[in-house]
Each structure stands twice: as structure tokens, then as C-alpha cells.
Amino acid sequence: MTRTQVGIVGAGPAGLLLAQLLHRNGIDSLVVENRRRDYVIDRVRAGVLEQGTVDLLIALGVSAGLCRAGLRHEGLHLSFGGKRHRIDLAELTGGKAITVYGQNEVVRELIDARTRTGRPLYFEADHVSVDGLDSAPVLRFEHDGAHHDVQCDFIAGCDGFHGICRPSIPEGVLTVFEREYPFGWLGVLVEAPPSSHELVYTYHERGFALFSMRSPTITRLYLQVPPDEAIGNWSDEAIWAEMLARMTTEDGWQPNVGPVLQKSVTPMRSFVAVPMRHGRLFLAGDAAHIVPPTGAKGLNLAASDVLVLAHALKSFYERGQTQCLDEYSDVCVRRVWKAQRFSWWMTSTLHRFPDDSAFDYQRQLADLDYLTSSRAAMTSLAEQYVGLPPEVSFESAGLNV
Ligand code: APR
Ligand code: PHB
């Protein structure tokens, strides 16, 4: 049996960021991931980083690509009734902004950083399981034909929504809050220069559409579709016809058309499991909560969770204190619910629901009209979109800034 201080299940943003935060505090960890390295890096995921997430990556020194290629956006557009309305995020929040940068690039750099530390990171692990969560946790897995039993002080369940950590918590311990939306997003990656410098969230009679980007040559677009839509139902021609019908504004703005490099459909759900701790197992990121992507909060919430967890583990190992570990779930869950509320609100404001009446359509247009003409309403959107202040300071999580 080998030993580590913190066994981390999952090499997504949550697991890898936690591993790096612990390393900076001299705390040992072992990361185990069931997928291939390339699969983890190549998955196309969301792309909006809050200011606090950018600051965290910079403080951790895993920001070379982000600083080189991240696109800082000081505003965004809401489009409805054929017109685009700009929300000046920076002006409304005292200079804060978001950065558009692919999550997969963040993960690539985090994997490189982990590898440089020389601490263990296993890809393609099989039969990953956790045991002894009440007192003496053990992380078990198979790798390259060898069986591993790792004795841990703590286990961090960073294995996403479909992972094994949350289901390892005994029945009756967790309370689950869930909402499924009656639509999904069809996402496409397009080889075409973005036709706007900033994101455009569109509310249209035919449904929601989103214009985003990954680089000066790659556009990222999304369409509201039925939740169980088969991607095979959408030829590239059909995608473009729908995209342009929803997005084109009166002044003639529309996305640049180009070859579709990748397309997929994702369902939309809100999900929270509480508490985010059971015994010596701590859940973080998508393992504990899912937000619909409309508010762009998924990755940012995962980053916030692991900052709180790293702070709590630091205070345990340095001073023997358990208070911050005990408070971990409550501190995270308060932020999670605020992000849930914001993501639900953005989703409800910008999507068409199947049972919407003509009344609902007009009401939603009025909502957007108010939102884009009241400074108070725009400020509320802006401060939530750029991200609420961190729950713990970087210094207290062992980072010099
Ligand atoms: N054993 C080991 N690893 C596992 C297991 C398992 N049984 N099950 C899942 N994993 C891995 C997944 O392959 C994935 O790499 O755990 C990782 C979880 O990563 P994410 O799903 O990216 O979740 P998280 O790190 O919490 O990041 C949240 O990522 O899902 C997006 O949009 C979401 O932006 C959000 C962010
Ligand atoms: C993306 O660029 O992938 C993106 C942007 C904003 C969102 C969701 C996804 O709200």
C-alpha cells in the first residue's frame, strides 16, 4: 500500500488546479484519471474565464498560453428584436473583464505543470474506487495491469458529474436539487474569423443563439435545440441557415460562415448535491454541481471550490486546524447557489420554452429591454458575469500575489 496526503480523483480543471495549489503548499497528492491524456485535452468545453479565475491561473504560474492567446473582453452584447445592445462590463464593475480562452487549453497547461512537479498523475486508470471515507480513506485503481491501493488522509472527488465519488457517499447523506431544461445546446467550432470582438447572446423567436470565439481565426457558435436532438439531424447547411436566421441583426451583422470543424449537442441542467463533504471525502466542481452554460460559470465555480479546499487543507496541515475543513461545504454552497441562480436567470431570460405563449414572448422582450436600458439592471448582470469576489484570499491559500 502506498501513501499520499490527498488522493485526487479526476484530472479536469478542478482536480488539476487543486493538485497545483497543494503542490505550492508542499502538500503531497496523487491524481488519477480514467480517460486518455489526449481525450482530456481535446474535449471542446466552455471558454469564459472570470477575472478571479484568470488571477488564480496567473498566481499559480500556469498562464503562459492564457497571457499570450487569451482574449480579454470588457463587454458583451445582448441581441433581441433585431438589435445588439452592448453591456460595458468593465465600466460597470470598476474595470473587471472576462477572458475568452478554451478550457482545454487551460487543462493542457495544468497537465504540463503537474508533470513538471514530478508528483504522480495517472491517465487511463481502470476500476477507480474510494473506500474508508469515514476514517482511513483508500483510493484504489488499476493502471498498466498493476493494482494500486493508496492510503490517503483525504480524498478530493473532482471526477465530474458522472464520476464515482459522489455515488460512493452512502444513501441518505446527500440532498440533491435538480432542474432539467426542455432544450439543449448544439455547439459548433468554425474555421472563420470572429465577426465581433465580443460575445453576442441572442434571444430570437426561433430560440436562443450564442456567438463566441476561440482565437482570431476560430468562431464558436451555439443554438438552442430540443434536449435529445440527434446531431445527425443537423447538416452543416441546416446549422448555418438556423444560425443566420437567429443571429443576423438589422444592421446586417452576422457571424462569418466557414467550415464546421466539430459539432455536438449537450443537454442543459442545474444540479446541486449537498453537503459537498462526507467524512474525509470532499467533492469539488462538476462532481457536486452543474450549471447550464448560459452564465459561463462551470469552470469558474470549480476553480472557486478548489481554492477554498486548498485553503482548508493548508490550515489543517500547517496548524492542525479542522475548522476550515468543517466549513468547506457551507462556504462553497453559498457561492454555488448564487451561480445557480444567475445561470438559471440567464437561461430563462434568453431561451424559448416549449409552452411559452405570445404573452411570455412579449414579457421576455420587455425583460431584455429593461435589462439593457437600466444601469442598475446592467450592473447586476455585469458584476455576476465577471464573477463575485473570491471566498478566500489567494494569500491564505498559500499564493503570493
Ligand atoms: N475515475 C477517474 N477519473 C474520472 C472518473 C473516474 N471514475 N470519472 C470521471 N473522471 C474524470 C473525467 O474523465 C474528467 O477528466 O474526471 C474529470 C472531471 O472533469 P470535468 O468533468 O471537466 O469536471 P471539473 O474538473 O469539475 O470541471 C468543471 O469542466 O465539465 C466542465 O463545464 C464544466 O467548466 C466546467 C468544468
Ligand atoms: C463558449 O465560448 O464556449 C461559451 C461562451 C459563453 C457561454 C458559454 C460558452 O455562456
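Where is the place of Pro275? Pro275 sits in the loop between strand S16 (260-274) and strand S17 (277-278), and Figure 1 starts there. Before that, some ground rules. This is a predicted model, in which local features need pLDDT of at least 70 and side-chain atom pairs count only at pLDDT 80 or more, while totals for chains, interfaces and linings use all residues. Residues are numbered from 1 along each chain as its sequence is written, chains are lettered from A and ligands numbered from 1 in the order in which they are written, and side-chain values use heavy atoms, with hydrogens and water left out.

**Figure 1. A cis peptide bond leads into Pro275.** The bond runs from Val274 to Pro275, and its omega is near -5 degrees. For background, most peptide bonds are trans. As for the element names here and below, helices (H or I, at least four residues) and strands (E, at least two) are DSSP runs, numbered from the N terminus.

**Figure 2. Asp144 has a positive phi without being a glycine.** Its phi is about 50 degrees. Look for Asp144 in the loop between strand S10 (138-143) and strand S11 (146-157). At 77% relative accessibility, Asp144 is exposed. The burial labels work like this: buried means under 20% relative accessible area, exposed means over 50%, and partly exposed is in between (1.4 Å probe, protein chains only).

**Figure 3. Ala296 also has a positive phi, near 60 degrees.** Again, this is a residue other than glycine. For background, most residues other than glycine have a negative phi. Ala296 belongs to the loop between S19 and H8. Is Ala296 buried or exposed? Ala296 counts as buried because its relative accessible area is 13%.

**Figure 4. Lys297 and Glu50 join in a salt bridge.** The N to O distance is 2.9 Å. For this pair and those below, a salt bridge is a side-chain nitrogen of Lys or Arg within 4 Å of a carboxyl oxygen of Asp or Glu. The pair links distant parts of the chain, with the two positions 247 residues apart: Lys297 is in the loop between strand S19 (289-290) and helix H8 (298-319), and Glu50 is in the loop between strand S3 (48-49) and helix H3 (51-59). Lys297 is buried, at 5% relative accessible area, and Glu50 is buried, also at 5%. Zoom out a bit and you get a network of salt bridges that links Glu50, Lys297, Arg335 and Glu391.

**Figure 5. Two more salt bridges: Glu74 with Arg72, and Arg140 with Asp131.** How many salt bridges does a search of the whole structure find? The search finds 26. In the Glu74–Arg72 pair, the closest N and O atoms are 2.9 Å apart. Glu74 is partly exposed at 34%, and Arg72 is partly exposed at 47%. For Arg140 and Asp131, the closest N and O atoms are 3.0 Å apart. Arg140 counts as partly exposed at 24%, and so does Asp131 at 39%.

**Figure 6. Helix H1 (residues 13-24) crosses helix H6 (residues 103-117).** The axes come within 10 Å and cross at roughly 35 degrees; axes are lines fitted to C-alpha atoms, for helices over the stretch in contact, and angles run from 0 to 180 degrees between N-to-C directions. On the H1 side, the contact (heavy atoms within 4.5 Å) is made by Pro13, Leu16, Leu17, Ala19, Gln20 and His23. On the H6 side, the residues include Val107, Leu110, Ile111 and Arg114. Also in H6 is Glu105, which is partly exposed at 27%. Glu105 and Ser63 are 42 residues apart in sequence, with their C-alpha atoms 10.0 Å apart in space.

**Figure 7. Ile8 is one of the best-connected members of the largest nonpolar core.** A nonpolar core is a set of buried Ala, Val, Leu, Ile, Met, Phe, Trp, Tyr and Cys residues joined through side-chain atoms within 4.5 Å. This one has 78 residues, and Ile8, Leu18, Leu56 and Leu139 touch the most other members. H8 gives the largest share, eleven residues. Leaving out residues up to four places away in sequence, Ile8 touches, among others, Leu18, Leu22, Leu139 and Cys158. Apart from this core lies another, of 51 residues, including Val188, Ala296, Met346 and Ala377.
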